[in-house]
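Let's take a walk through a protein model together. Keep the picture open beside the text and look up each part as we get to it.

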Amino acid sequence: MFFDRAEMDQSPDPDATLLHAPFMGAALRLAEQAVALGEVPVGAVVVRDQQIIAAAHNRRELDADPTAHAELLAMRQAAHRLGDWRLEGCTVYVTLEPCPMCAGAMVLSRIERCVYGCADPKGGYLGTLADLSQQPGLNHRFDVVAGVRADEASSQLRSFFRALRARRAAKRVKRD
Ligand code: ZN
């Protein structure tokens, strides 16, 4: 099943969870908004000096854009806002472990840290399939905190896909 294995692997220390939980909460609320728009529920915020400077949810369907992932959109927004492509001192909070593209963008933008919710066994590049944050040879490394409010993030995703499967099954029954 989807995120079960990853959930078992994750046990962030309690202090990290306490520190990061409120910002992850903001990302989870954005993910919830995405559901109403028919998007896979992934939300992200960028935080600098304990303030949210950018926020986005997944918009792949809305924008018909395969790269419109929550954390990538939030990082773009943050760079605009700062007037600088370097996101030094920034932490990206995202409900699902970033894919290779987004993890790559985190290297390019030189973020300080990524905090994510549940792991993605099918695409996660910050510890699951690979770890771009500590890739030898790349010119930037950053901290990763995994598993913050992972249960909430994975249950959002699971219920989204459960509803999607139910709708598809209902359509098939109608046609028959
Ligand atoms: Zn991505």
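Where is the place of Gly83? Look in the loop between H4 and S3, and there you'll find Gly83. One thing to keep in mind as you look around: this is a predicted model. Is Gly83 buried or exposed? Count the other C-beta atoms within 10 Å of Gly83 and you get 6; a residue with 12 or fewer counts as exposed, so Gly83 is exposed. Now look for Thr67, which is 16 residues from Gly83 in sequence. In space, the C-alpha atoms of Gly83 and Thr67 are 22 Å apart.

Next, let's turn to the sheet. It's an open one, made of 5 strands in the order S2-S1-S3-S4-S5, and the pairing is mixed. At the edges sit strand S2 (51-57) and S5, each of which pairs on one side only. If you ignore direction, neighbouring strands in this sheet are turned by 15 degrees against each other on average.

Let's take those strands pair by pair. S1 and S2 run antiparallel and are joined by 6 bridges. They make a hairpin with 2 residues between the strands, and in that turn Asp49 has a positive phi of about 50 degrees. For one rung of this ladder, find Val46, whose bridge partner in S2 is Ala54. S1 also pairs with S3, again antiparallel, this time over 5 bridges. Here Ala44 has Val94 in S3 as its bridge partner, while Val47 is matched with Thr91 in S3.

Then comes the change of direction. Strand S3 (residues 90-96) pairs with strand S4 (residues 113-118) in the parallel sense, over 5 bridges. Thr91 turns up again here, standing opposite Arg113 in S4. Leu96 stands opposite Cys118 in S4. As a general picture, side chains in a regular strand alternate between the two faces of the sheet.

How many residues of S3 are buried? The count is 7 of its 7 residues, and S3 is mostly covered. For S1, 5 of the 6 residues are buried, so S1 is largely enclosed by the rest of the structure.

That brings us to the helices. Helix H2 (residues 14-36) lies across strand S1 (43-48), S2, S3, S4 and S5, and it runs at about 135 degrees to S1. H6 lies across S3 and S4, at about 60 degrees to S4.

How do you describe two helices that pack together? You use the angle between their axes and the distance between the axes. Try it on H2 and H6: their axes come within 11 Å and cross at roughly 5 degrees. Angles under 35 degrees count as roughly parallel, and H2 and H6 are therefore roughly parallel to each other. To see where they touch, look for Leu28, Ala31, Glu32 and Val35 in H2, which meet Glu152, Ala153, Gln156 and Phe160 in H6.

Now do it again with H4 and H5. Their axes are 9 Å apart and the packing angle is about 20 degrees, so H4 and H5 are roughly parallel to each other too. The crossing of H4 and H5 is left-handed. On the H4 side the meeting residues are Glu71, Leu72, Met75 and Ala79, and on the H5 side they are Met101, Cys102, Ala105 and Ser109.

What fills the inside? In soluble globular proteins, nonpolar side chains tend to be buried together. In this model the largest nonpolar core has 47 residues, and Ala74 and Val92 touch the most other members. The elements that give two or more residues to this core are H2, S1, S2, helix H4 (70-82), S3, helix H5 (100-109), S4 and H6. H2 gives the largest share, 7 residues. Zoom in on Val92 and, leaving aside neighbours within four places in sequence, you'll find contacts including Ala44, Val46, Ala74 and Cys114.

Let's finish at Arg149, in the loop between strand S5 (143-145) and helix H6 (150-175). With 23 other C-beta atoms within 10 Å, Arg149 is buried, because the cut-off for that is 20 or more. Leaving aside neighbours within four places in sequence, Arg149 is in contact with Ala21, Met24, Leu28 and Gly117. Arg149 and Ala21 are 128 residues apart along the chain, but their C-alpha atoms are separated by 6.8 Å.

Terms used: Residues numbered from 1 in each chain as written. Predicted model: local features only at pLDDT ≥ 70, side-chain atom pairs only at ≥ 80, totals over all residues. Helix = DSSP H or I, 4+ residues; strand = E, 2+ residues; numbered from the N terminus. Contact = placed C-beta atoms within 7 Å. Pairing = 2+ DSSP bridges. Axes fitted to C-alpha atoms, helices over the stretch in contact; angles between N-to-C directions. Core = buried A, V, L, I, M, F, W, Y, C linked by C-beta atoms within 7 Å. Parallel < 35°, antiparallel > 145°, perpendicular 65-115°, else oblique. Left-handed = near helix turned anticlockwise from the far one by under 90°.
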